[in-house]
Amino acid sequence: MDNNDFPLELVFPNELIRIVEDLNKHQGFPKEFTSCSMLYAISVAIGNNFHIKVRESWTMNCSIYLVLVGPAGSMKSAPLTFAIEPLSEKDDESYRIWEVEKKIFDANKKLTEKERIESAILEPVEPILKKFIVNDATMEALQDVLRNNPRGVGVYHDEWRDWYLNLDRFNNGTNKPKMLSLWSGTRISIDRKGGLPIRIKNPFLSLAGTTQTDLLYELYKGENA
């Protein structure tokens, strides 16, 4: 094994090793990109279900912030797409269920109190969309998603560099510290003017994306230096 090889046999069971090697052989997926993508997907699937007890009063979640870096055409996006596909399919299923429940909710909301009593319909409760993967959301929307998904979610930005460079463009530099706090699972407590307060004891967020090697230099300018 070369020093730069991903240590498959130290990380994965045989079943996952075979998948990584088969994708490399038949699809040309770089082993390190597939392996890291699998770790991201596994992290999102675990979420807040399990924490690691580091010390008596110190626990950690399995949040991963991952960026696959390589030249253009080096098969960065395909392994990530492959790894999160089962989670995306779960999200598709959850969305279909939510869509039906939302139509029922909207219809019941239009009923008068008398009509609800006559139909034995309780006060309608708005359905909540459950999800694993978030592709595009503002920080405020992401906080709402985390409130509705206490298990946690994964954020996936294929063009990670663009997302990162624009992260603080419209909020006076507050989003990057918030993303770091989310990585460590720091409690969220927000009072919003005109909106519901948010309080999340154990937020869970994993992040993944890709970028090109020759574009990295832009990340070391200005405040990022």
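**Close-up 1. His-51 and the β1-β2 hairpin.** His-51 sits in the loop between α3 and β1; helices (H or I, at least four residues) and strands (E, at least two) are DSSP runs, numbered from the N terminus. This is a predicted model, where local features need pLDDT of at least 70 and side-chain atom pairs count only at pLDDT 80 or more, while totals for chains, interfaces and linings use all residues. Residue numbers start from 1 along each chain as its sequence is written, and side-chain values use heavy atoms, with hydrogens and water left out. At a relative accessible area of 35%, His-51 is partly exposed; that label covers the range between buried (under 20% relative accessible area) and exposed (over 50%), with a 1.4 Å probe and protein chains only. Ten places can be a short hop in space: the C-alpha atoms of His-51 and Asn-61, 10 residues apart along the chain, are separated by 4.6 Å. Setting aside neighbours within four places in sequence, His-51 is in contact with Thr-59, Met-60 and Asn-61, contact being heavy atoms within 4.5 Å. Next door in sequence, β1 (residues 52-55) and β2 (residues 58-60) pair antiparallel over three bridges; strands pair if DSSP finds at least two bridges between them. Two residues separate β1 and β2 in this hairpin, and Lys-53 stands opposite Thr-59 in β2.

**Close-up 2. Helix α3 and the glycine after it.** Helix α3 (residues 31-46) has 16 residues and reaches 22 Å from its first C-alpha to its last, close to the expected 22 Å, the expected span being 1.5 Å times one less than the number of residues. Its buried residues include Phe-33, Ser-37, Tyr-40, Ala-41 and Val-44. An α-helix has 3.6 residues a turn, so residues three or four places apart point the same way. Right after α3 comes Gly-47, with a positive phi near 55 degrees.

**Close-up 3. The four-stranded sheet, from β3 inwards.** The order in this open sheet is β3-β8-β5-β4, with parallel pairing. β3 and β4 (133-134) are the edge strands, each pairing on one side only. Six bridges join β3 to β8, where Val-67 stands opposite Gly-209 and Val-69 stands opposite Thr-211. In a regular strand the side chains alternate between the two faces of the sheet. On β3, Leu-66, Leu-68 and Gly-70 make up the covered face, and Tyr-65, Val-67 and Val-69 the uncovered one.

**Close-up 4. Met-75, a non-glycine with positive phi.** Past the end of β3, Met-75 lies in the loop between β3 (65-70) and α4 (77-109). Its phi is positive, about 60 degrees, although Met-75 is not a glycine. Met-75 is partly exposed, with a relative accessible area of 31%.

**Close-up 5. The largest nonpolar core.** Here 19 residues make up the largest nonpolar core, and those with the most contacts inside it include Leu-142, Leu-146, Trp-163 and Leu-205. A nonpolar core is a set of buried Ala, Val, Leu, Ile, Met, Phe, Trp, Tyr and Cys residues joined through side-chain atoms within 4.5 Å. Among the elements giving two or more residues to this core are α6 (139-148), β5 (153-159), α8 (175-183) and β8 (205-212). The top contributor is α6, with four residues. Beyond its neighbours within four places in sequence, Trp-163 is in contact with His-157, Met-179 and Leu-207. A second, separate core has 14 residues, including Ala-41, Leu-66, Ala-83 and Tyr-156.

**Close-up 6. The largest pocket.** About 320 Å³ of space lies in the largest pocket. On a 1 Å grid over the protein atoms alone, a pocket is an open set of points where a 1.4 Å probe fits, with protein on both sides within 12 Å along at least five of seven lines; lining residues have an atom within 4 Å of a point. Grid points are joined across faces, edges and corners, and the volume is the space filled by probe spheres set on the points. Of the 16 lining residues, the closest to the pocket centre are Ala-137, Thr-138, Met-139, Trp-163 and Leu-167. Two or more lining residues come from each of α6, β5 and α8.

**Close-up 7. Lys-176, a buried lysine.** Lys-176 belongs to helix α8 and is buried, with a relative accessible area of 16%. Leaving out neighbours within four places in sequence, Lys-176 is in contact with Tyr-164, Leu-167, Asp-168, Glu-223 and Asn-224.
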